[in-house]
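Welcome! Open your viewer, get comfortable, and let us walk through this model one selection at a time.

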Amino acid sequence: MPHYTKPAEGSWTQHYPELGTDPVSYDDSISPEFYELEREAIFRRTWLNLGRVEQLPRKGSYFTREMDAAGTSIIVVRGMDDEVRAFHNMCRHRGNKLVWQDYPREETSGVCRQFQCKYHAWRYDLQGQCTFVQQEQEFFDLDKADYSLAAVQCEVWEGWIFVNFDASNTTPLREYLGELAWGLEGYPFDKLTQVHRYRSEIGANWKLFIDAFVEFYHAPILHSGQYQPDEAAKVASYGYEALAYGIDGPHGMVSSWGGIAPPKDPSMVKPMERELRSGLFGPWDHADLGIDELPPSVNPTRHKNWGTDSFVFFPNFMILFWKPNWVLTYHYWPTSYNTHIFEGTAYFVPPKTARERLAQEYAVVSFKEYGLQDANTLEATQSMLESNTPVKTFPLNDQEILLRHLHHTARRYVDEYQKTTLVGA
Amino acid sequence: MATTSVLPSEFADLEPFAGWALQGERARYAKRIESTMDELQAFYDAAFPRTQAALDYLDQFPLDELPEDAKHLLWLYCALITVSFPVEAWRQPRVPDSGASSIDAILEPVI
Ligand code: FES
Ligand SMILES: [Fe+2]
């Protein structure tokens with residue numbers, strides 16, 4: 001008997017029949033060729049999140065991002081009109097990288113009134129228009145209006161900045177994000193301005209690390225050392241069942257119980273958690289978000305044991321909502337078929353006291369300790385998947401539905417891309 | 001020998017561990033994995049029982065107006081958080097099975 005109600009079909013997976021229930025192959029995670037197809041079909045064609053508007057606090061605030069997966073570097077800037085825009089980070093004169101400091105491969109940020117190329121001093125305003133050409137009279141019929149920076153589609157949803165490298169894209173961001181995202185609208189993200197960001201180079205395919213964060217089937221086992229011994233045994237014997245799963249197009253979510261704070265029995269948690277009234281799920285004393293009710297996509301079943309929800313916005317952006325009113329995001333930026341850069345960013349209501357500050361510190365440090373366990377398991381998985389064994393497919397249970405969905409979606413994007421590009425070939 | 005203290009005088013007992021009053025999670029984690037379990041345990045045993053006293057002391061000040069020595073005390077307790085995992089859970093300085101992997105703080109609150 002499941003503890004939490006499953007759909008009428010008997011399982012979450014069968015509720016979405018296109019996913020099937022067969023064992024799956026991870027060939028999509030061990031092949032340089034498939035990765036090249038993903039770059040074209042996914043990273044150059046979908047909306048990609050780059051963080052929040054608060055990273056661009058003023059008119060003229062900018063940051064650059066190295067987008068390996070899409071094969072380019074971009075500048076994201078807040079214009080004098082407060083619009084956020086994105087451009088390929090390339091000077092239109094002879095292709096020098098326009099904005100960088102000291103090391104051309106490193107990302108940078110700052111505030112400026114215009115961009116000036118380091119090479120021959122061509123200048124561009126914050127809307128990308130070329131405003132100055134050194135010795136313009138030496139050129140041949142050059143009209144500056146023809147030499148604006150190459151724009152990248154850029155849209156903001158609820159303060160989250162996204163870009164799309166497909167110049168012919170006609171799907172607005174909000175439509176792409178779909179119903180799961182619409183049900184998050186109104187969450188006061190802009191109040192969560194206390195930010196901690198972590199970065200890690202991971203020796204595994206980007207999808208495999210998402211896999212590790214969209215199922216909690218592993219949590220009672222892999223992370224058992226984080227529990228007090230009695231609690232670890234109990235948790236392992238229960239196993240894990242989510243409150244609910246949701247899938248809408250390429251995106252998905254899992255709603256989870258847990259983190260009941262303060263615990264009924266304080267010996268369930270580590271001594272430092274008791275001292276600081278905090279834990280992996282966040283500070284026990286909830287921050288005030290100033291809203292009466294969470295938006296409908298958060299804790300969608302309105303379950304009293306609810307603890308956290310994880311949303312996957314395809315391809316590589318996750319937002320986690322925690323009951324104590326803070327948010328964690330994950331980004332997975334591929335650098336090759338078997339490496340990627342992982343970023344985890346925690347957003348809290350700014351603490352007013354040292355007590356609140358330390359409770360938040362405990363939550364982010366817990367995230368790192370868990371993340372280190374997850375990360376290393378991943379490298380072990382990648383190396384075996386790549387090894388020459390006769391085993392080619394692997395079973396997935398109902399609590400692993402979002403993995404099934406992620407790999408299914410990546411293959412679907414690649415298939416559709418191949419169909420459109422092979423036409424007429 | 002004249003010494004200048006790093007921590008508020010109320011926490012003179014923790015002065016031998018003032019080396020843990022490090023700004024930034026990266027520095028604190030680096031010190032943790034360079035330390036022996038005995039060193040981590042000694043710091044934990046000294047600082048853990050003083051946690052509530054430290055929180056009460058720090059909460060006299062608005063967070064953005066912490067005096068320099070109080071800031072050090074706050075960072076020392078941030079370090080105690082980092083150190084509590086080996087002491088309370090792992091029984092070794094590194095996260096078990098974490099091998100060569102690292103997760104580094106690249107953006108943090110100033111205080
Ligand atoms: S390449 Fe930029 S001004 Fe010449
Ligand atoms: Fe995990």
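Which side chain does a polar contact of 3.4 Å join to that of Gln127(A)? Select Gln127(A) and look for Arg85(A): that is the partner in this contact. Keep in mind throughout that you are viewing a predicted model.

**Stop 1: around Gln127(A)**

Gln127(A) sits in the loop between strands S7 (123–124) and S8 (130–132) of chain A. With a relative accessible area of 42%, this residue is partly exposed. Show its surroundings and you will find that Gln127(A) touches Asp81(A), Arg85(A) and Phe87(A), leaving aside residues up to four places away in sequence. For a long look across the model, select Arg411(A) as well: its C-alpha is 37 Å from that of Gln127(A), and the two are 284 residues apart in sequence.

**Stop 2: the iron ion**

Now select ligand 2, the iron ion. Its protein donors are His218(A) and His223(A), each through NE2, and Asp374(A), which is listed with two OD atoms; they lie 2.1 to 2.6 Å from the ion. The 4 donor atoms subtend angles of 52 to 142 degrees, so the arrangement is irregular. Along the chain, the donors follow the spacing H-x4-H-x150-D. His218(A) and Asp374(A) link distant parts of the chain, 156 residues apart: His218(A) is in the loop between helices H4 (206–213) and H5 of chain A, while Asp374(A) is in helix H8 (residues 354–386) of chain A. Both of these residues are buried.

**Stop 3: helix H6**

Next, select residues 229–238 of chain A, which form helix H6. Colour Glu231(A), Ala232(A) and Val235(A), which are buried. Look down the helix axis: the buried residues of H6(A) fall within an arc of 100 degrees, so they line one face. Helix H5 (219–222) of chain A is included in what covers them. Turn to the face away from the buried side to see the exposed residues Pro229(A), Asp230(A), Ala233(A) and Ser237(A). Just after H6(A), Gly239(A) takes a positive phi of about 70 degrees.

**Stop 4: strand S11**

Finally, select residues 194–202 of chain A, strand S11; 7 of its 9 residues are buried, so the strand is largely enclosed by the rest of the structure. Add strand S17 (residues 339–348) of chain A, which runs antiparallel to S11(A) and is joined to it by 9 bridges. Here Gln194(A) stands opposite Phe348(A). Then show chain B: its strand S1 (residues 104–107) also runs antiparallel to S11(A), with 3 bridges between them. Arg197(A) has Leu107(B) as its bridge partner there.

Note on methods. Residues numbered from 1 in each chain as written. Chains lettered and ligands numbered in written order. Predicted model: local features only at pLDDT ≥ 70, side-chain atom pairs only at ≥ 80, totals over all residues. Heavy atoms only, no water. Buried < 20%, exposed > 50% of the residue type's maximum accessible area, 1.4 Å probe, protein only. Helix = DSSP H or I, 4+ residues; strand = E, 2+ residues; numbered from the N terminus. Arc of directions from axis to C-beta. Contact = heavy atoms within 4.5 Å. Pairing = 2+ DSSP bridges. Donors = N, O, S within 2.8 Å, 3.2 Å for Na, K, Ca; no water. Tetrahedral: all angles 85-135°; square planar, octahedral: opposite > 155°, others 65-115°. Polar contact = N/O pair within 3.5 Å; in protein donor to acceptor, adjacent residues only side chain to side chain.
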